[in-house]
Each structure stands twice: as C-alpha cells, then as structure tokens.
Amino acid sequence: MSDKPVYLAGWATKDFSLSEIEKYLLSYKPPIFEISKDLINKNVSIKDIYRLIQNMKLKYNFEISYAGTTDFSDSSGIPFGDYLNYLSIQASQAKFLGANYFRIMVGGNIQSLVILKRLKEFEETISPVKIIIEIHGGWESSASNIKQIITQTEYNFVIDFQNVVHAKLSYQELKYLIPPERIQYYHSRNYSDQHIEDEESLAEENEWLDQVQNHRVVLWEPKQINKNQVIEILKW
C-alpha cells in the first residue's frame, strides 16, 4: 500500500462515543472529519458533537463533511416535496455543525432532467454547505451522467474504490472524466497492510492515488469489522 495518510470515514465512527471521537481527532488530526448522520441519531448528542468540534477547531483547522442518507431517484417511496422536507432535517444538522460539505448518494437511474432538478432544489436547501456526490452505483455511475455533473453543476465527487468496481466503471475512464480538483476525497475499504477488506479494488486504488499528488485525503471505511476492531488496528 501507499504511504498516504488514511483517516476514518463516517461509517467507521458512527458507533463511537464522544470521548472516542475526541481521541481520534486529537491523535490523527484529520483534514476532513466525515460525520455520519447515524452517529447523531444514536447515543451522541448533536450539541455535544458541536461543542467538541468548536473545541477541536481551537487546536487545529479541519473541514467537516456530513454524510447524509439520501435518495434523489425514488425518494424512499414518498413524494419528492415531502422527501425534501425530510432532507431538511439533515440539512439543519449539517449547518448547525458548521459542515463544509454534505455527502449525498443519488440513487437509481431515472431521467437526468429529474435528477438535476431535484439536486438543484436540495442545493437551495443546503446552501452554503456544498453538495458532494459519492460514486455509489446509481444514476451518477455512468460516463454520460458524470459529464453532466461536471459541465452543468459545481458538485464535487467522493470516489469510493469498492463502489467503482461494483458499479462496473472503468478506472481509466474515470481518471479521464473527472478532473482531480473535482474530487473532494476518497473512500477505501483497505487500511495499509493491516486490514485488506477489498482485494478487487486494491491495485486500482494504489495506482490511482500514486498518480494524484494533490488530492490524497483517503477515509477508511471498513464494513466488516466493528468499532473496537477499528480502534485496535489504529493502536491508539
């Protein structure tokens, strides 16, 4: 594996206690702190997270990405107007926490005009927080739709290496389509040589990151181990 620094994705910290989050931030000083909405909806108060973030920012500077759960295609089976009201709950949390970014997942493949209109509506709700789109196997996972995002919006991307493989996208095509400055950060299932969770994406991941020198923030997102195993691997 590359010697790039690797930090934790929101999925990896969603079961952390407040003290564990504080220890992670102090120990690793991540340039981006990705917060899962599930962290807030479980046993950690959003007010306590807010206070911790404010305290940490007195010690060092970092950006915040709120990892929302979104579906701009099927809108979870409810009218999109009502779904947008639901998303406004997450938008309010992101704004309260001072998020720089709101990580979305687009959902399934429907007409591009519908998707782009819905994204624009949510953009008006979430502003000034910036939308970033994770490659996740939905509408955003085709060359033509990626081109539309790049040419018709200002949204940046989260490249999840395993999702790219599962979406049957070509890494070479993605490198050609997406300028490095439009990639906000990366998700990886693998952590150095200590935890290899997705062999299939490993070689492409290393090759990709070796070629991208200015955008090397990688967030580790293991799905097959629990928080205690994550902490053990980090060796706090």
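Student: Which residue in strand 5 does Tyr 101 stand opposite?
Tutor: Tyr 101 stands opposite Lys 130. Keep in mind that this is a predicted model.

Student: Okay, and how do strand 4 and strand 5 pair, parallel or antiparallel?
Tutor: The two strands run in the parallel sense, and four bridges join strand 4 to strand 5.

Student: What about strand 3, how many bridges does that one make with strand 4?
Tutor: Three bridges, and strand 3 (residues 63-67) also pairs with strand 4 in the parallel sense. As for a specific pair, Ala 67 has Arg 103 of strand 4 as its bridge partner.

Student: Are the faces of strand 4 covered or open?
Tutor: Both faces are covered. Tyr 101 and Arg 103 sit on one side, Phe 102 and Ile 104 on the other, and all of them are buried.

Student: And strand 5, how many of its residues are buried?
Tutor: Four of the five, so to speak of strand 5 as mostly covered is fair under the cut-off of under 20% relative accessible area.

Student: Let's zoom out. How many helices and strands does the chain have?
Tutor: Eleven helices and eight strands. The radius of gyration is 17 Å, close to the 18 Å from the globule rule for 236 residues, so the chain is as compact as a globular protein of that length.

Student: What box do the C-alpha atoms fill?
Tutor: Roughly 50 × 40 × 30 Å along the principal axes.

Student: What share of the residues is buried?
Tutor: Buried residues come to 55% of the 236 in the chain. On the surface side, about 10,900 Å² is exposed, with carbon and sulfur atoms supplying 48% of that area.

Student: And the contacts, what share links residues 24 or more positions apart?
Tutor: That share is 78%, taken over contacts with a separation of 6 or more.

Student: Charges next. How many positive and negative side chains are there?
Tutor: There are 25 positive and 31 negative ones, and the centres of the two sets lie 6 Å apart.

Student: Now the backbone oddities. Which peptide bond is cis?
Tutor: The one from Ser 127 to Pro 128 is cis, with omega near 10°. Most peptide bonds are trans.

Student: Where is Pro 128 found?
Tutor: Pro 128 is in the loop between helix 6 (112-126) and strand 5 (130-134).

Student: Is that proline buried or exposed?
Tutor: Exposed, because its relative accessible area is 70% and the cut-off for exposed is over 50%. As a distance check, the C-alpha atoms of Pro 128 and Ala 99 are 9.3 Å apart, with their positions 29 residues apart in sequence.

Student: Which phi value does Lys 29 have?
Tutor: About 45°, a positive phi in a residue that is not a glycine. Most residues other than glycine have a negative phi.

Student: Where does Lys 29 sit?
Tutor: In the loop between helix 2 (18-28) and strand 2 (32-36). Lys 29 counts as partly exposed because its relative accessibility is 43%.

Student: What about Ser 76, what's its phi?
Tutor: Near 55°, which is again a positive value in a residue other than glycine. Ser 76 belongs to the loop between strand 3 and helix 5 (80-96), and at 53% relative accessibility it counts as exposed.

Student: Switching serines: is Ser 141 buried or exposed?
Tutor: Buried, because its relative accessibility is 11%. Ser 141 is in a loop too, the one between strand 5 and helix 7 (143-152).

Student: Which residues does Ser 141 touch?
Tutor: Leaving out residues up to four places away in sequence, Ser 141 touches Ile 135, His 136, Ala 167 and Leu 169. From Ser 141 to Val 158, 17 residues along the chain, the C-alpha separation is 12 Å.

Student: Last one. Where does Leu 219 lie?
Tutor: Leu 219 is part of strand 8 (residues 218-220). With a relative accessible area of 0%, Leu 219 is buried.

Student: Which residues is Leu 219 in contact with?
Tutor: Setting aside neighbours within four places in sequence, the contacts of Leu 219 include Tyr 7, Leu 8, Ala 9, Ile 32 and Glu 34. Tyr 185, Tyr 186, His 187 and Ser 188 are also in contact with Leu 219.

Student: And how far apart are Leu 219 and Ser 17 in space?
Tutor: They are 19 Å apart, C-alpha to C-alpha, and 202 residues apart in sequence.

Methods:
Residues numbered from 1 in each chain as written. Predicted model: local features only at pLDDT ≥ 70, side-chain atom pairs only at ≥ 80, totals over all residues. Heavy atoms only, no water. Rg over C-alpha atoms; globule rule 2.2 N^0.38 Å. Buried < 20%, exposed > 50% of the residue type's maximum accessible area, 1.4 Å probe, protein only. Contact = heavy atoms within 4.5 Å. Areas by Shrake-Rupley, 256 points an atom, 1.4 Å probe, with all protein chains shown as cover. Lys, Arg positive; Asp, Glu negative; His and termini not counted. Charge placed at Lys NZ, Arg CZ, Asp CG, Glu CD. Pairing = 2+ DSSP bridges.
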